[in-house]
Amino acid sequence: MSGESVFPRLEPHLGRVSKPIQYVGGELNSTVKDWGTDDSTVRWALMYPDAYEVGLPNQGVAILYEILNERDGVLAERTYSVWPDLEAIMRENGIPQFTVDAHRSVRDFDLLGLSFSTELGYTNMLTALDLAGIPLHAVDRGIDDPIVLAGGHAAFNPEPIADFLDAAVLGDGEEAVLAITEVVREWKAEGRPGGRVEVLRRLAVSGNVYVPRFYDVTYDGAGSIEAVVPNHPDAPWRVRKHTLMDLDAWPYPAKPLVPLAETVHERFSVEIFRGCTRGCRFCQAGMITRPVRERSINTIGDMVENGLTRSGFEEVGLLSLSSADHTEIGDLATGLADRYEGSNVSLSLPSTRVDAFNITLANEFSRNGRRSGLTFAPEGGSERMRKVINKMVTEDDLIRTVAAAYSHGWRQVKLYFMCGLPTETDEDVLAIADLAKRVIATGREVSGRNDIRCTVSIGGFVPKPHTPFQWASQLDHETTDARLQQLRDVVRADKRFGRAIGFRYHDGKPGIVEGLLSRGDRRVGGIIEEVWRDGGRFDGWSEHFSYDRWMAAAARGLEGTGVDVDWFTTRERGYDEVLPWDHLDSGLDKDWLWGDWEDALAAADGEDIEIEDCRWTPCYDCGVCPEMGTEIQIGPTGQKLLPLSVV
C-alpha cells in the first residue's frame with residue numbers, strides 16, 4: 001500500500017506510443033492528495049474502461065472523483081484503458097496499471113470503481129485488472145487486493161461479469177460512494193476483521209450493494225435459470241437501486257476537468273434533470289433512472305457560470321435524456337442566451353424530441369451565431385413502428401418541425417433511427433428512405449435553396465434488461481445487414497434526393513455481441529475471459545472488434561450447457577422465465593413491464609395504445625415511486641435566470 005509513483009518507470013517509454021499526452025495527467029482542476037500513512041484513509045481508483053479521449057468527458061466518473069476528493073480522509077484518482085501499444089510496453093517492463101493523477105499503481109488502492117456505460121468495455125476491465133496485478137476472479141483475491149465494484153447502466157445486469165466483481169452498485173452513485181467509503185473506513189479502523197468476506201458482508205447488508213459471491217445460481221435441464229438464491233444469511237433476496245433526490249443539493253461537477261488531449265466532447269456539461277418518463281419501450285436509460293428529478297433554473301445558471309469560469313470552455317451542453325422536456329427550458333434558454341450574448345459562449349441541447357422542439361428555443365440556443373445541425377430521433381421508420389416503441393411522433397409532426405428549422409436558416413438535420421425493433425419488417429425500414437426524401441423536399445421548398453442536407457444515422461436495436469423489451473427476440477445480424485443494404489440502395493438510387501441524404505450505420509455483428517453481454521448470465525463470464533485471453537480489447541471500437549473471436553469463444557464456452565448465442569440473443573422469452581437480473585430491483589414492477597410488452601405487440605397489430613408521460617398525467621403504476629420511496633420532482637418554480645454581470 002505504498003502509493004509510490006510509477007511515472008519514473010513509465011516516462012522513458014512514452015515517446016514510443018501514440019498520444020502519450022493522455023497518460024501524463026495534470027489536467028486543470030485535477031486533484032492530487034497526499035497518500036498519507038493513516039490507515040483510516042480510504043483510497044479509490046475510479047475507472048472508465050475505455051481510452052482517455054472517451055473516458056475523461058464521462059460525467060459519472062468526474063462527479064464521483066470530485067465528491068470523494070472533497071472529503072477529508074478520502075482520496076480518489078482516475079485511471080483509463082491503455083492502448084495496446086502501451087500495454088505491450090507495460091507488460092515488457094513490469095509497469096502496473098496506473099492512475100493519471102499521481103501515477104500510483106491501481107493495486108495500492110482500497111477500491112477500484114468501474115463505470116460501465118456499455119457492456120463492450122468488459123474486456124478492457126480484465127486488461128486493467130491483469131496489468132494491476134489484481135487476480136481476475138473475485139474468489140482469488142486476498143485482503144490486500146482492492147475491492148472491485150461496477151456501476152453505471154450496465155451494472156443493472158452485472159451477471160456476465162459476476163466472477164470478476166466483488167460488488168455492483170445500482171443507480172445513482174453520489175451518496176452510494178460515500179456510504180461505501182464509510183463502511184470500508186470503519187472496517188479498516190477496526191483492523192480489517194474477518195478479512196475480505198466481512199467487508200463485503202457489511203456492504204451487502206445495506207441492501208444497496210450487490211455482492212455476487214453471496215448468491216448461487218442454479219439451472220434446469222433445458223439450460224434456463226432455475227433460481228438465484230442468497231447463500232449468506234445477511235444477503236438480501238433483492239438488491240435495490242439507489243435514487244438521489246434533490247439534485248440541487250449536488251451541483252456537480254463544480255470543478256470540471258479540462259482535458260490535455262483531444263476528447264470526444266470538449267464542452268462543459270450540466271445535467272439539467274435526471275430520469276425520463278416518456279415511456280419509450282426500448283430505452284433502458286429512461287426506465288432505470290426514474291423518477292424525473294429536475295434541477296432548478298437558478299442552480300443550473302450557477303453551475304453554468306461556475307463551470308465556464310473554472311474551465312475556460314466556450315460551449316455549454318445542457319444534458320438529460322430529453323433536455324427540451326425540462327419544465328422551464330424556455331426561460332432557461334432565454335436567460336442563458338441573455339447572459340452570454342456577445343460572448344464566445346455557445347449553448348447546445350444535445351438531445352431534443354421532435355414534439356418538444358420549437359423554433360423559439362432553437363433560436364435562443366443559436367443566438368451567438370452558431371447554428372450547428374439539429375438532431376432528432378424518430379427511432380422507427382414507419383408510424384406503425386413508432387407506436388410499437390411508444391414513440392408517439394407522427395410523420396407530419398416531424399415534417400412540421402424540420403420545415404420550421406429549414407425556414408429559419410438551418411441547412412442540416414440529422415435523423416436517428418433503429419433497425420431490428422420488435423415486429424419490424426423490411427417495409428418499416430424502407431420507410432426511413434421515404435421520410436428522409438420528404439425532409440429534403442420540405443427543406444428545399446420552405447428555404448428556396450438546394451443546399452439542404454439530411455443525415456440518416458441508424459443503430460441496431462439491442463434488447464436491454466429492465467425494459468418492456470427485455471423479453472423480445474433480437475434480430476439476427478444477417479437480416480439486419482440485408483435491410484440496411486436495401487435501404488442504402490434505395491436512397492442512393494434516387495437521383496433527385498440521394499446526394500442530399502447522408503447515410504451512416506453499423507453492421508449487425510457488434511449488436512449481437514452486445515446482446516449476448518446485455519442479457520447474459522454468469523455462463524457468459526467464461527466467454528468474456530476467453531475473448532480477452534485471445535487478444536480482445538476495445539470491443540466498442542470497430543477497428544479492434546472481432547465477431548469471429550467472440551463467436552469462437554462462445555461456441556467453446558457454452559459447449560455442454562444446452563444453450564448457445566442464439567439462445568441469449570435471437571430467442572423471445574416468456575413471462576415465467578427467471579431472468580438473470582430478476583433479483584436486482586430497478587423499482588419497475590415486472591407485471592407492469594410485461595403488460596407494456598403486451599401493449600407493444602397489440603400496437604403492432606393495429607391497436608391504438610399510448611402510454612403517456614406521467615409527469616403530466618396521472619400515475620400509471622410502473623412501480624418506481626412507491627417501491628423506491630421517491631417522487632417526481634418538476635417545476636415550474638417561477639424563478640427567472642438573471643445575468644450575473646454584463647458580458
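Biologist: Let me start with a small detail: which residue stands opposite Ile-225 in S8?

Modeller: Tyr-219 does. Please keep in mind as we go that this is a predicted model.

Biologist: How do you know that strand S7 and strand S8 pair?

Modeller: Pairing needs at least two bridges. S7 (residues 215-219) and S8 (residues 225-230) have five bridges, in the antiparallel sense. The two strands form a hairpin with five residues between them, and Gly-223 in the turn has a positive phi of about 95 degrees.

Biologist: Why are H4 and H5 called roughly parallel to each other?

Modeller: The axes of helix H4 (residues 84-93) and helix H5 (residues 122-132) cross at roughly 25 degrees. Angles under 35 degrees count as roughly parallel, and therefore H4 and H5 earn that description. Their axes come within 11 Å, and the crossing is left-handed.

Biologist: Which residues meet where H4 and H5 touch?

Modeller: From H4 there are Glu-87, Met-90 and Arg-91, and they meet Thr-127, Asp-130 and Leu-131 in H5. This contact divides into two nonpolar, one polar and three charged residues.

Biologist: What makes S10 and S14 stand at the edges?

Modeller: They belong to an open sheet of three strands in the order S10-S13-S14, with parallel pairing. Strand S10 (268-271) and strand S14 (346-348) each have a single partner strand, so one side of each is left without a neighbour in the sheet. From one strand to the next, the twist averages 20 degrees.

Biologist: And how do you know that S10 is joined to S13?

Modeller: Four bridges join S10 to strand S13 (residues 315-319), against the at least two that pairing needs. In this pair, Ser-269 stands opposite Gly-317 in S13. Helix H9 (residues 297-311) lies across S10 and S13, running at about 160 degrees to S10.

Biologist: Why is H16 described as largely enclosed by the rest of the structure?

Modeller: A residue is buried when its relative accessible area is under 20%. Eight of the ten residues of helix H16 (residues 509-518) are buried, so the helix is largely enclosed. Among them are Ile-512, Val-513, Leu-516 and Leu-517. The helices that the buried residues of H16 pack against include H5, helix H15 (477-493) and helix H17 (525-533).

Biologist: What makes Phe-538 count as buried?

Modeller: Its relative accessibility is 2%, and the cut-off for buried is under 20%, so Phe-538 counts as buried. Phe-538 lies in the loop between H17 and H18, and has a positive phi of about 50 degrees although it is not a glycine.

Biologist: What makes that phi worth pointing out?

Modeller: Most residues other than glycine have a negative phi.

Biologist: Then what about Asp-621: why is it called exposed?

Modeller: Asp-621 has 56% relative accessibility, and exposed means over 50%, so Asp-621 counts as exposed. Asp-621 sits in the loop between helix H20 (590-604) and H21. Its phi is positive too, at about 65 degrees, although Asp-621 is not a glycine.

Biologist: One last thing: which residues does a cis peptide bond with an omega of about 0 degrees join?

Modeller: That bond joins Arg-290 and Pro-291. Pro-291 lies in the loop between helix H8 (284-288) and strand S12 (293-294). Another cis peptide bond joins Gly-635 and Pro-636, with omega about 5 degrees.

Terms used:
Residues are numbered from 1 along each chain as its sequence is written. This is a predicted model: local features need pLDDT of at least 70, side-chain atom pairs count only at pLDDT 80 or more; totals for chains, interfaces and linings use all residues. Side-chain values use heavy atoms; hydrogens and water are left out. Axes are lines fitted to C-alpha atoms, for helices over the stretch in contact, and angles run from 0 to 180 degrees between N-to-C directions. Angles under 35 degrees count as roughly parallel, over 145 as roughly antiparallel, 65 to 115 as roughly perpendicular and the rest as oblique. A crossing is left-handed if the near helix is turned anticlockwise from the far one by less than a right angle, and right-handed if clockwise. Contact means heavy atoms within 4.5 Å. Ala, Val, Leu, Ile, Met, Phe, Trp, Tyr, Cys and Pro count as nonpolar, Asp, Glu, Lys and Arg as charged, and the others, Gly among them, as polar. Buried means under 20% relative accessible area, exposed over 50%, partly exposed in between (1.4 Å probe, protein chains only).
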